[in-house]
Amino acid sequence: MASSNPAAATAEPELLDLTIDNITPNTIRINSQSDNARLKYVMSRLVSHLHDFARETRLSTDEWMAGLMFLIGCGKICSDVRNEFILLSDVLGLSLLVDSINHPKPPEGTEGSVLGPFHTHDAPTIANGASMSTDPNGEPMLAICTVKDIQGRPVAGVKVDIWETDSSGHYDVQHADREGPSERCVMVTDEEGGFHFQGIKPVSYPIPHDGPVGKLLQMLNRHCWRPAHVHFIFEKEGWDHLITALYLRGDPYEKSDAVFGVKSTLVIDLDKVDAATAKKYGVKEGIWLLKQEFVLTTQEATEKLRDQLAIEALKKLGLDNLKLVDHLPVPEVD
């Protein structure tokens, strides 16, 4: 909104006779009137890279309009249970990049992966040993997991959010007749850092490809498939927020995940439940067995590592005039 104060209006930078060469510094200049140093820095870098992209590609008017219409299409197809913009971020590799920057892990820690567009906040909290599946066609699977710190000590009281597709390769929210959550749950680790639940063997599936992102993948001659996996989120005060997933070894899309989520440390083998395990956990012998130890790092350790890596990265980019404020780079002010 324009200021009604003539004095304030005249204090704004004058924008006259803008050209290919001077539009960028002038846009940055008028965006730099905020008192928020981080906002000013982010906007200056965004404008610089965006304008350089247009100059380097000699972006045509038709291409520019096609890009705008693509983004409009992404917005139109979004809903409470589908976010096309998260999907776009995923297939461009941005989701994984941002997570890797914000949640670096020491070699001992469990690596992160992408959240994906189908996480919900209505999953029921279940007790150890309960089932999160209502799919009669899925292959039954028992998951036995523990959560420890990098010294190998159990971490109790961790909230664990778990979700996967059904046997048809669809998340519950993709079904029009969904009456409630299925193939998802919330658990809390016990005093030994353990949690175990019943689910189904995960299957590979295509990401939604009936929208703008799917059309983009087709134009790029890319497939839309994800390897079989189970999602996990780990939360506890004082510990780094971990979003990750476990992927089945040997899946045909293990090395070509459409959203770049697979890391070798997250690829696992399933086993079969033996007689002793079946008796102990009250399940049928011979069903699938997933066993995994997750290793969490403290928030303090992660933030220290994040700052260290940020400083190193900025130096490599020649950005020595920046300092970290709340773990985010902003320009040094004399």
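**View 1. Helix α7 and what its buried side faces.** In helix α7 (residues 212-219), the buried residues are P212, V213, G214 and L217. This is a predicted model, so keep that in mind for every view here. The partners that the buried residues of α7 pack against are α4 and α5. Look just past the end of α7 and you'll find N221, which takes a positive phi of about 60 degrees.

**View 2. Helices α4 and α5, seen where they cross.** Two packed helices are described by the angle between their axes and the distance between the axes. Here the pair is α4 (residues 61-77) and α5 (residues 84-91), whose axes come within 8 Å and cross at roughly 130 degrees. That crossing makes α4 oblique to α5. By class, their contact has 6 nonpolar, 1 polar and 1 charged residues. On the α4 side, the residues to pick out are F70, L71, C74, G75 and I77. They meet E84, F85 and L88 on the α5 side. These two helices are also the ones that the buried residues of α7 pack against, back in the opening view.

**View 3. The open sheet, strand by strand.** Four strands line up in the order β4-β1-β11-β10, and the pairing is mixed. At the edges sit β4 (194-200) and β10 (271-272), each of which pairs on one side only. Strands β1 (residues 140-149) and β11 (residues 288-296) run parallel to each other, paired over 9 bridges. Two spots help you get the register of that pair: C145 stands opposite Q292 in β11, and D149 has L296 of β11 as its bridge partner. On to β10, which pairs with β11 in the antiparallel sense over 2 bridges. There, D271 stands opposite L289 in β11.

**View 4. W225 and its surroundings.** W225 is found in strand β6 (residues 225-226). Is this tryptophan buried, exposed or partly exposed? W225 has a relative accessible area of 29%, so it counts as partly exposed. Set aside the neighbours within four places in sequence, and W225 is in contact with S204, Y205 and P206, along with Y253, S256, D257 and A258. For a sense of scale, pick K159: it is 66 residues from W225 along the chain, and the two C-alpha atoms are separated by 29 Å.

**View 5. A156, in the loop between β1 and β2.** The loop between β1 and β2 is where A156 lies. A156 has a relative accessible area of 18%, so it is buried, the cut-off being under 20%. Who touches A156, once neighbours within four places in sequence are left aside? The contacts of A156 are T189, D190, E191 and K236. Now jump to K215, 59 residues from A156 along the chain: the C-alpha atoms of the two are separated by 45 Å.

**View 6. Two loop residues with positive phi, D17 and E183.** Neither of these is a glycine, yet D17 has a positive phi of about 55 degrees, and E183 has a phi near 60 degrees. Their settings are worth a look too. D17 lies in the loop between α1 (6-11) and α2 (23-30), whereas E183 is found in the loop between β2 (159-163) and β3 (184-188). Which is buried and which is exposed? D17, at 70% relative accessibility, counts as exposed. E183 is buried, with a relative accessible area of 2%.

**View 7. Residues 116-282, and the protein they belong to.** UniProt, in an unreviewed entry, places the feature "domain: Intradiol ring-cleavage dioxygenases" at residues 116-282. That span is 9% helix and 29% strand, and its end C-alpha atoms lie 32 Å apart. Zooming out, the protein has 9 helices and 13 strands. Its C-alpha trace spans about 80 × 45 × 40 Å along the principal axes. Of the 334 residues in the protein, buried ones make up 39%. Take the contacts between residues at least 6 apart in sequence, and 68% of them join residues at least 24 apart.

Methods:
Residues are numbered from 1 along each chain as its sequence is written. This is a predicted model: local features need pLDDT of at least 70, side-chain atom pairs count only at pLDDT 80 or more; totals for chains, interfaces and linings use all residues. Side-chain values use heavy atoms; hydrogens and water are left out. Two strands pair if DSSP finds at least two bridges between them. Buried means under 20% relative accessible area, exposed over 50%, partly exposed in between (1.4 Å probe, protein chains only). Contact means heavy atoms within 4.5 Å. Axes are lines fitted to C-alpha atoms, for helices over the stretch in contact, and angles run from 0 to 180 degrees between N-to-C directions. Angles under 35 degrees count as roughly parallel, over 145 as roughly antiparallel, 65 to 115 as roughly perpendicular and the rest as oblique. Ala, Val, Leu, Ile, Met, Phe, Trp, Tyr, Cys and Pro count as nonpolar, Asp, Glu, Lys and Arg as charged, and the others, Gly among them, as polar. UniProt positions are given in the numbering used here, feature names are shortened, and annotations may be inferred rather than shown by experiment.
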